[in-house]
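Hi,

Here is the structure I said I'd pass on. Have a look at it first, and then read my notes underneath.

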Amino acid sequence: MEEKKITPKGMTLKSLKKKAVISCADKFCPIHGEKKLKVRGRVFEGEVIKKLHGRVTIQFERMIKVRKYERYEKRRTKIHARLPECMENDVNVGDLIQIGETRPISKMIHCVVIKVIRKMEEKE
Ligand SMILES: [Zn+2]
């Protein structure tokens, strides 16, 4: 008798295959993609404050000098970035990620997620 292959419940062969080979059909993916999105320019690091399908918003603090008082002031910056399909499961709200500048993808998006620096659980 042939033994039945044990597969986790609810997992079809297709989804298993998808998990094994990490690739995506996202054309705005810097690693895969048809034309491979070119990352050039500045690189930013920040915390994910919002996650939507295919996009994230990051926030980080920067210091600017106030000449009048000879002190530094904290300012916050928010940047929207493209989240490629292959990284959709790795990035969550609260994570520290790195994004790179690329060509404008839409009105507000001109950056793409490069990598996850720190997951939220590892923060402590
Ligand atoms: Zn990809």
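Let me start with one pair of residues: methionine 63 has lysine 74, in S3, as its bridge partner. The two strands involved are S2 (residues 55-66) and S3 (residues 71-82), which pair in the antiparallel sense over 12 bridges. (Strands here are DSSP E runs of at least two residues, helices are H or I runs of at least four, and both are numbered from the N terminus; two strands pair if DSSP finds at least two bridges between them.) Arginine 62 also stands opposite a residue of S3, in this case arginine 75.

Before you go further, some housekeeping. This is a predicted model, so local features need pLDDT of at least 70 and side-chain atom pairs count only at pLDDT 80 or more, while totals for chains, interfaces and linings use all residues. Residue numbers start from 1 along each chain as its sequence is written.

The overall layout

The chain has one helix and five strands, in the order α-β-β-β-β-β from the N terminus on. Of its 124 residues, 18% count as buried. By "buried" I mean 20 or more other C-beta atoms within 10 Å of the residue's own; 12 or fewer is exposed, anything in between is partly exposed, and C-beta atoms are placed from the backbone. If you take the contacts with a separation of 6 or more, 53% of them are between residues 24 or more positions apart. A contact means that the two C-beta atoms, placed from the backbone, lie within 7 Å.

How the other strands pair

S1 and S2 are antiparallel and share five bridges, with glutamate 47 partnered by glutamine 59 in S2. These two strands form a hairpin with two residues between them, and glycine 54 in the turn has a positive phi of about 80°. S1 (residues 39-52) is also joined to S4 by six bridges, again antiparallel; one of the pairs is valine 39 with threonine 102 in S4. S4 then pairs with S5 in the antiparallel sense over six bridges, and leucine 96 stands opposite arginine 118 in S5.

One backbone angle to look at

Which residue in the hairpin of S2 and S3 takes a positive phi? That's glutamate 70, with a value near 55°, in a hairpin that has four residues between the strands. Most residues other than glycine have a negative phi, which is what made me look twice. Glutamate 70 lies in the loop between S2 and S3, and it counts as exposed because just 7 other C-beta atoms are within 10 Å.

The inside

The largest nonpolar core has 16 residues, and Val56, Ala81, Val91, Ile99, Val112 and Val113 touch the most other members. S2, S4 and S5 each supply at least two residues of this core, and the largest share, four residues, comes from S5. (A nonpolar core is a set of buried Ala, Val, Leu, Ile, Met, Phe, Trp, Tyr and Cys residues joined through C-beta atoms within 7 Å.) Looking beyond four places in sequence, alanine 81 touches Arg55, Val56, Ile58, Ile99, Ile109, Cys111, Val112 and Val113.

Is cysteine 111 buried or exposed? Cysteine 111 is buried, because 24 other C-beta atoms lie within 10 Å. Cysteine 111 sits in S5 (residues 111-118). Leaving aside neighbours within four places in sequence, its contacts include Phe44, Ile79, Ala81 and Thr102. With phenylalanine 44 the sequence gap is 67 residues, yet the C-alpha to C-alpha distance is 9.1 Å.

Threonine 102, which belongs to S4 (residues 96-102), is worth opening too. Threonine 102 counts as buried because it has 20 C-beta neighbours inside 10 Å. Not counting residues up to four places away, threonine 102 touches Leu37, Lys38, Val39, Arg40, His110, Cys111 and Val112. Threonine 102 and alanine 81 are 21 residues apart in sequence and 9.6 Å apart in space, C-alpha to C-alpha.

Cheers
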